[in-house]
Amino acid sequence: MTNEDSMQDFSLARRAMVDSQLRPEGVTDRAVVAAMASVERERYVPEAARALAYFDRPLKIAPGRAMMPPAALGKLLSELAPRAGEKALIIGSGTGYSAALLLSIGLNVVALESDKQLADAATEAGIETISGELAPGHAKGAPYDIILLDGAVELLPAALAKQLNDGGRLAGAIIERGVSRLVIGLASGGVLGLRTIADAEVDKLPGFERPPAFTF
């Protein structure tokens with residue numbers, strides 16, 4: 001297979017992702033759909049796994065880490081309704097795919113990643129990435145209009161709400177009784193109100209574990 005054939009295959013896979021994964025799941029925000037139809041997801045996938053780049057399931061990118069399925073990410077971004085000129089923080093940005101989507105829409109993006117190898121891979125792909133622990137967020141760059149947790153967490157630190165503008169939005173997945181649920185939050189007065197939008201298979205981000213309950 002030539003490079004041209006491979007590029008054509010990925011182009012067709014992107015189109016199929018939009019038509020068969022995003023639209024049936026209610027991903028309707030035009031800017032999000034356009035970004036996911038144009039950004040080359042395969043560029044942000046380890047070479048050995050590129051054939052799986054457009055499968056709608058978590059895609060392993062490092063030990064204990066996986067990219068969010070396209071439909072789940074698309075639903076979160078569509079609910080966030082990102083707009084050009086807004087400032088976004090991506091927590092657990094991995095190899096940089098979600099950052100690339102928001103950059104293509106015209107947002108100012110701060111990408112935060114705790115795994116140095118993933119951060120280096122993102123930087124090589126053109127996504128400037130900050131290395132650091134995920135749970136504290138990145139207060140130095142606050143306030144943000146949008147915070148995207150690019151994975152699932154057991155516990156949502158209160159500090160993240162304080163890094164949002166009043167009226168800012170947060171999206172991610174929260175694990176409840178072993179099930180990961182996509183959530184959207186709206187910040188008001190430093191407090192975050194959350195609503196669940198769907199269940200989805202999303203892998204955990206490190207550093208957001210719930211403390212074990214004390215038992216006698």
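**Exercise 1.** Does Ala-81 count as buried, partly exposed or exposed, and at what relative accessibility? Work out where Ala-81 sits and what its phi looks like, too.

*Solution.* Before we start: this is a predicted model, where local features need pLDDT of at least 70, side-chain atom pairs count only at pLDDT 80 or more, and totals for chains, interfaces and linings use all residues. Residues are numbered from 1 along each chain as its sequence is written, and side-chain values use heavy atoms, with hydrogens and water left out.

Step 1: get the cut-offs straight. Buried means under 20% relative accessible area, exposed means over 50%, and partly exposed is in between (1.4 Å probe, protein chains only). Ala-81 has 25% relative accessibility, so Ala-81 counts as partly exposed.

Step 2: find Ala-81 in the loop between α3 (70-80) and β3 (87-91). Helices (H or I, at least four residues) and strands (E, at least two) are DSSP runs, numbered from the N terminus.

Step 3: look at the backbone. Most residues other than glycine have a negative phi. Ala-81 has a positive phi, near 50°.

**Exercise 2.** Now try Arg-177: which loop holds this residue, and is Arg-177 buried or exposed?

*Solution.* Step 1: Arg-177 belongs to the loop between β7 (164-176) and β8 (179-188). Step 2: with a relative accessible area of 89%, Arg-177 is exposed. Step 3: here's another positive phi in a residue other than glycine, near 55° for Arg-177.

**Exercise 3.** Describe how helix α2 and helix α4 pack.

*Solution.* Step 1: take the geometry. α2 (residues 30-38) and α4 (residues 97-105) pack at about 120°, and their axes are 9 Å apart. Axes are lines fitted to C-alpha atoms, for helices over the stretch in contact, and angles run from 0 to 180 degrees between N-to-C directions.

Step 2: name the arrangement. Under 35 degrees is roughly parallel, over 145 roughly antiparallel, 65 to 115 roughly perpendicular, and the rest oblique. That's why α2 and α4 are oblique to each other.

Step 3: list who touches whom, with contact meaning heavy atoms within 4.5 Å. From α2 come Ala-31, Val-32, Ala-35 and Met-36, while α4 brings Tyr-97, Leu-101, Ser-104 and Ile-105.

**Exercise 4.** How many residues of α4 are buried, and what does α4 give to the largest nonpolar core?

*Solution.* Step 1: seven of the nine residues of α4 are buried, so the helix is mostly covered. They are Tyr-97, Ser-98, Ala-99, Ala-100, Leu-101, Leu-102 and Ile-105.

Step 2: turn to the core. A nonpolar core is a set of buried Ala, Val, Leu, Ile, Met, Phe, Trp, Tyr and Cys residues joined through side-chain atoms within 4.5 Å. The largest one has 49 residues, and Leu-77, Tyr-97 and Leu-101 touch the most other members. α4 gives the most to this core: six residues.

Step 3: zoom in on Leu-77. Beyond its neighbours within four places in sequence, Leu-77 is in contact with Val-32, Pro-82, Leu-101, Leu-102 and Leu-148.

**Exercise 5.** Which residues does Lys-87 touch, not counting residues up to four places away in sequence?

*Solution.* Step 1: locate Lys-87 in strand β3. Step 2: its contacts are Asn-108, Val-110, Gly-141, Pro-143, Tyr-144, Asp-145 and Ile-146. Step 3: check one of these, Pro-143, which lies in the loop between β5 (129-131) and β6 (144-153). The peptide bond from Ala-142 to Pro-143 is cis, with omega near 5°, although most peptide bonds are trans.
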